[in-house]
Structure formats: structure tokens, C-alpha cells
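Here is a short set of exercises with worked solutions. Keep the viewer open and try each task before reading on.

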Amino acid sequence: MMPTPNLSIHLPEPNLDGRDLHIGIVVARYNWAITGAMLERATAELIRLGVAPEHIQARSVPGAFELATLAHGMLASAHYDALLCIGCVMKGATRHDVVVSDAAAQGIQRLALESGIPIIFGVICAESQQQAEERIERATECARAAVEMARSLQQLHTHN
């Protein structure tokens, strides 16, 4: 058995400086008790990271299925350094939750890759109301991911 080489890989700390960033948020109204709380936490975290409140634009859609469509429209109409899509899909008696959550994930990912703009998948896929409530705080992680990804892509563009 060969010994594992001792590699010292240094990863830079994430840049979470939100100053001068423009962040868009698309939030689903379906399961608003969850998504509304997530919107509040994400917005508060963006502001805590230095994003000016006037540089945060939030829009709503009926449900998670529609997130990618409005995100596409927002990117076509204004400049954003990153978007954050917030939704909550809960398991029901049928497979509808699987169809909706898969479509939302695929649509958001495709749009992010095609546009080159980071779009954070802040959609909770939960088995129950309690499980969804336990994951509301995930919105702060999503806000941090939006800032980090915006800064990472900016850094790539300035070094090329």
C-alpha cells in the first residue's frame, strides 16, 4: 500500500464583501410561511454582508416551478451580479413535488450556465412542514453563496 502524499493545498478564503453588488431575489409565494421567512433572512444577511438595500431587488412568483422564468426575465431587463431563487416544495400524496423540484433545479441551473450569472438554488425540498421550518435558516447560507459566487466570477474576469 502506497502512502498518501502530504499535499498542502491552500484554498483562498471566500470573499463575502457585498459592497457595490446588485443582487436579485426571486421568491415563490407558495408555502409563504416558509419562503417569506427565508426572504427576510436572505435579505438581512445580504445587508449584513454590505449589499446596499437599494441594490437588492426582490420579485415574487406563484411557485417554485416559475422561479427560472422570472429569473430569466430579470437578467434580460437589468444587471445583476447574482440571483437567489427561494422556494419550498413539500412532499404530497403524489409525485408532483418531484416534478416541480426537478424542473426548478434544472431550469435554474440551465439559466445560470447559459447566462454566466450565479443563480443560487434556495429551494427547500421537504418531507413535512416541520422539516421545512427547520431549514429556513438555509436562506442565510444562500445569501452568502450569492455574494461569494459573484465575487469569484468577478475575480476570474479581472485575472483573464
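The exercises below go from the whole chain to a helix pair and then to single residues. The model is predicted.

**Exercise 1. Describe the overall make-up of the chain.**

Task: State how many helices and strands the chain has, and in what pattern they follow one another.

Solution.
- Step 1. Take the totals: five helices and four strands.
- Step 2. Read along the sequence. The pattern is β-α-β-α-β-α-β-α-α.
- Step 3. Add the extent. The C-alpha atoms fill a box of roughly 50 × 50 × 30 Å along the principal axes.
- Step 4. Look at sequence separation. Take contacts between residues at least 6 apart in sequence; 78% of these join residues at least 24 apart.
- Step 5. Turn to the surface. The chain exposes about 9600 Å². Carbon and sulfur atoms supply 55% of that area.
- Step 6. Finish with burial. Of the 160 residues, 41% are buried.

**Exercise 2. Characterise the packing of α2 and α3.**

Task: Classify the mutual orientation of helix α2 and helix α3, then list the residues that make the contact.

Solution.
- Step 1. Choose the descriptors. Two packed helices are described by the angle between their axes and the distance between the axes.
- Step 2. Locate the helices. α2 covers residues 67-77, and α3 covers residues 96-115.
- Step 3. Read off both values. The axes come within 8 Å and cross at roughly 20 degrees.
- Step 4. Apply the cut-off. Angles under 35 degrees count as roughly parallel. Therefore α2 and α3 are roughly parallel to each other.
- Step 5. Assign the hand. α2 passes α3 in a right-handed crossing.
- Step 6. List the contact. α2 contributes L67, A68, A71, H72 and L75. α3 contributes G107, I108, L111 and S115.
- Step 7. Sort by class. The contact has six nonpolar and three polar residues, and no charged ones.

**Exercise 3. Examine two positive phi values.**

Task: For D20 and N31, give phi, the place in the chain and the exposure class.

Solution.
- Step 1. Recall the background. Most residues other than glycine have a negative phi.
- Step 2. Take D20. Its phi is positive, about 70 degrees, although D20 is not a glycine.
- Step 3. Place D20. It lies in the segment before β1, which spans 23-28.
- Step 4. Classify D20. Its relative accessibility is 65%, so D20 counts as exposed.
- Step 5. Take N31. Its phi is also positive, near 60 degrees, and N31 is not glycine either.
- Step 6. Place N31. It sits in the loop between β1 and α1 (32-48).
- Step 7. Classify N31. With a relative accessible area of 22%, N31 is partly exposed.

**Exercise 4. Map the surroundings of I136 and T140.**

Task: Decide whether I136 and T140 are buried or exposed, and name their contacts beyond four places in sequence.

Solution.
- Step 1. Place I136. It is in the loop between α4 (129-134) and α5 (138-158).
- Step 2. Apply the cut-off. Buried means under 20% relative accessible area. I136 has 11%, so I136 is buried.
- Step 3. List the contacts of I136: I34, A37, M38, R41 and I124.
- Step 4. Check one distance. The C-alpha atoms of I136 and G122 are separated by 9.8 Å. These two residues are 14 apart along the chain.
- Step 5. Place T140. It belongs to helix α5.
- Step 6. Classify T140. At 10% relative accessible area, T140 is buried.
- Step 7. List the contacts of T140: R41 and E45.
- Step 8. Compare the lists. R41 is in contact with I136 and with T140.

Note on methods. Residues numbered from 1 in each chain as written. Predicted model: local features only at pLDDT ≥ 70, side-chain atom pairs only at ≥ 80, totals over all residues. Heavy atoms only, no water. Axes fitted to C-alpha atoms, helices over the stretch in contact; angles between N-to-C directions. Parallel < 35°, antiparallel > 145°, perpendicular 65-115°, else oblique. Left-handed = near helix turned anticlockwise from the far one by under 90°. Contact = heavy atoms within 4.5 Å. Nonpolar A, V, L, I, M, F, W, Y, C, P; charged D, E, K, R; others polar. Buried < 20%, exposed > 50% of the residue type's maximum accessible area, 1.4 Å probe, protein only. Areas by Shrake-Rupley, 256 points an atom, 1.4 Å probe, with all protein chains shown as cover.
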